[in-house]
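Visitor: I am new to this structure and would like to be taken through it step by step. Could you show it to me before we begin?

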Amino acid sequence: MTYINHLPPLNRQFVAHFGEMGSRWGINRTVGQMYALIFLSPRPLNADEIAETLEFSRSNVSMGLKELQAWRLVKLSHQPGDRREYFEAPKDVWEIFRVLAEERRRREIEPTLSMLRMALLEEPGSDEERHAQERMRDMHELIDRLMTWFDDVQRLAPETAMQLMGMGTAVTRVLEFKDRLTGKGGPAKGKSNHQGA
């Protein structure tokens with residue numbers, strides 16, 4: 001591909017990787033590579049530059065840019081004296097993560113929660129359905145708690161959220177200590193019962 005000759009090795013590696021990962025995230029290889037190129041670019045890029053660099057057809061680039069805009073992963077801008085549209089990724093990686101998480105929630109998690117809510121309102125007609133409803137209730141409760149936690153994290157300043165994520169092990173130790181004090185839960189996996197608090 002021509003882009004191999006246009007990009008530095010590190011950039012090529014990143015763009016190629018995002019193309020391969022695209023299908024695992026629910027987008028195609030072309031869109032993944034386009035996003036990686038835009039993300040790394042020090043300046044906004046127009047569709048012609050993207051098509052030429054990655055050697056994609058102009059129509060594929062146009063469709064890919066529409067998809068990236070639908071995901072709110074690129075921002076559209078114009079330059080003085082130039083009628084073309086330019087695209088750039090948000091500079092703040094936390095903002096990118098937040099947008100991605102919100103979009104995935106809207107497209108995947110909310111429909112599941114809605115289905116579970118409706119199922120839990122149904123009157124079970126058999127023991128089998130009662131059992132199924134209990135399992136669905138457990139799933140609904142878990143997803144609902146995760147979404148409440150996610151909403152709380154979303155309200156934090158990026159710096160605070162990063163600090164919170166860095167406290168993962170410390171928070172786990174505090175919760176394990178609390179469980180030992182209250183007699184809830186067993187010993188943590190991989191740890192012996194005689195470890196001190």
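Visitor: By class, how many nonpolar, polar and charged residues does the lining of the largest pocket have?
Guide: Please keep in mind that this is a predicted model. The space in the largest pocket comes to about 430 Å³, and 19 residues line this pocket, with W25, L73, I96, F97 and L100 lying nearest its centre. Sorted by class, the lining has two charged residues, no polar ones and 17 nonpolar ones.

Visitor: Which helix supplies the largest share of the lining of the largest pocket?
Guide: At least two lining residues come from each of α2 (9–22), α3 (29–40), α6 (93–121) and α7 (127–154). Among these helices, the largest share, eight residues, belongs to α6.

Visitor: Is A36 buried or exposed?
Guide: A36 has its place in helix α3, and, leaving aside residues up to four places away in sequence, A36 touches F14, V15 and F18. Its C-alpha atom is separated by 9.2 Å from that of A89, although the two residues are 53 residues apart along the chain. Buried means under 20% relative accessible area, and because the value for A36 is 0%, A36 counts as buried.

Visitor: Where in the protein chain is confidence lowest, and where is it highest?
Guide: Across the protein chain the mean pLDDT is 84, with 88% of the residues reaching 70 or more. The pLDDT falls below 50 over residues 188–197, a stretch that has six contacts in the model beyond near neighbours in sequence. Of the helices and strands, confidence is lowest in helix α1 (residues 3–6), at a mean of 56, and highest, at 96, in strand β1 (residues 45–46).

Terms used. Residues are numbered from 1 along each chain as its sequence is written. This is a predicted model: local features need pLDDT of at least 70, side-chain atom pairs count only at pLDDT 80 or more; totals for chains, interfaces and linings use all residues. Side-chain values use heavy atoms; hydrogens and water are left out. pLDDT is the predictor's confidence in each residue, from 0 to 100. Helices (H or I, at least four residues) and strands (E, at least two) are DSSP runs, numbered from the N terminus. Contact means heavy atoms within 4.5 Å. On a 1 Å grid over the protein atoms alone, a cavity is a set of points where a 1.4 Å probe fits but cannot get out, and a pocket is an open set with protein on both sides within 12 Å along at least five of seven lines; lining residues have an atom within 4 Å of a point. Grid points are joined across faces, edges and corners, and a volume is the space filled by probe spheres set on the points. Ala, Val, Leu, Ile, Met, Phe, Trp, Tyr, Cys and Pro count as nonpolar, Asp, Glu, Lys and Arg as charged, and the others, Gly among them, as polar. Buried means under 20% relative accessible area, exposed over 50%, partly exposed in between (1.4 Å probe, protein chains only).
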